[in-house]
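Hi,

Here is the structure I promised to pass on. Have a look at it first, and then read my notes below.

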Amino acid sequence: VQLQASGGGLVQPGGSLRLSCSASGRTASTHGMGWFRQAPGKEREFVAAQRWSDGSTSYAASVKGRFTMSKDNAKNAVFLQMTNLKPEDTAVYYCAASSSALFTKMVDLTAKYYRYWGQGTQVTVSS
């Protein structure tokens, strides 16, 4: 599975961005996809994830109500709509796909359960 993330950029606090992640290859082998982010000097953290079987979506507490994850089956892509962005949202954002059977039981898996990763896209929130 190959993933290509895009859509990052520089935005002012309170602004919005939409990240995209295109998937190709053996995507049928995956149970869902997630978004993670990593700020300088910090560990990679979970942002959002969605399970394919029932569309269940989970969000980190820090982004709930501001970020929305969606999927376009026809385009084999997932999106992360980010609104009311804050300086603390500044990070490199990664999309990832999981083929872990554990995904069928819980959506908010940590990074170690994701086998496939995109290259990351930089999001900077600053005035």
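**What I found**

Of the 127 residues in the protein chain, 44% count as buried. Before you read on, keep in mind that this is a predicted model, so everything here is computed from it.

Let me start with the overall build. The protein chain has eleven strands and zero helices, so if you walk along the sequence you simply get β-β-β-β-β-β-β-β-β-β-β. Its radius of gyration is 14 Å, close to the 14 Å that the globule rule gives for 127 residues, so the chain is as compact as a globular protein of that length. If you want a feel for the dimensions, the C-alpha atoms fill a box of roughly 40 × 25 × 25 Å along the principal axes. The accessible surface is about 6,500 Å², and carbon and sulfur atoms make up 47% of that. As for contacts in the protein chain with a separation of 6 or more, 58% are between residues 24 or more positions apart.

Next, the sheet. Four of the strands form an open sheet, in the order 1-3-8-7, with antiparallel pairing. Strand 1 (2-6) and strand 7 (67-72) sit at the edges; each has a single partner strand, so one side of each has no neighbour in the sheet. On average, neighbouring strands in this sheet are turned by 15° against each other, ignoring direction. In case it helps when you look at the backbone: strands of a sheet pair through backbone hydrogen bonds, either parallel or antiparallel.

If you zoom in on one edge, strand 1 is joined to strand 3 (residues 17-24) by five bridges, and the two run antiparallel. For a concrete place to look, find glutamine 4: its bridge partner in strand 3 is serine 22.

Strand 3 also brings us to the cysteines. How many disulfides does the structure hold? It holds one, formed by cysteine 21 and cysteine 95, whose sulfur atoms are 2.1 Å apart. The pair links distant parts of the chain, with cysteine 21 in strand 3 and cysteine 95 in strand 9 (residues 91-98), 74 residues apart. The angle about the S-S bond is 65°, and the link between cysteine 21 and cysteine 95 is right-handed.

Are those two cysteines buried or exposed? Both cysteine 21 and cysteine 95 are buried, which means that each has under 20% relative accessible area.

That's what I have for now. Shout if anything is unclear.

Cheers

Key. Residues are numbered from 1 along each chain as its sequence is written. This is a predicted model: local features need pLDDT of at least 70, side-chain atom pairs count only at pLDDT 80 or more; totals for chains, interfaces and linings use all residues. Side-chain values use heavy atoms; hydrogens and water are left out. Two strands pair if DSSP finds at least two bridges between them. Axes are lines fitted to C-alpha atoms, for helices over the stretch in contact, and angles run from 0 to 180 degrees between N-to-C directions. A disulfide is a pair of cysteine sulfur atoms within 2.5 Å. Buried means under 20% relative accessible area, exposed over 50%, partly exposed in between (1.4 Å probe, protein chains only). The radius of gyration is taken over C-alpha atoms; the globule rule is 2.2 Å times the number of residues to the power 0.38. Contact means heavy atoms within 4.5 Å. Accessible areas come from the Shrake-Rupley method with a 1.4 Å probe; for residues, only the protein chains shown count as cover.
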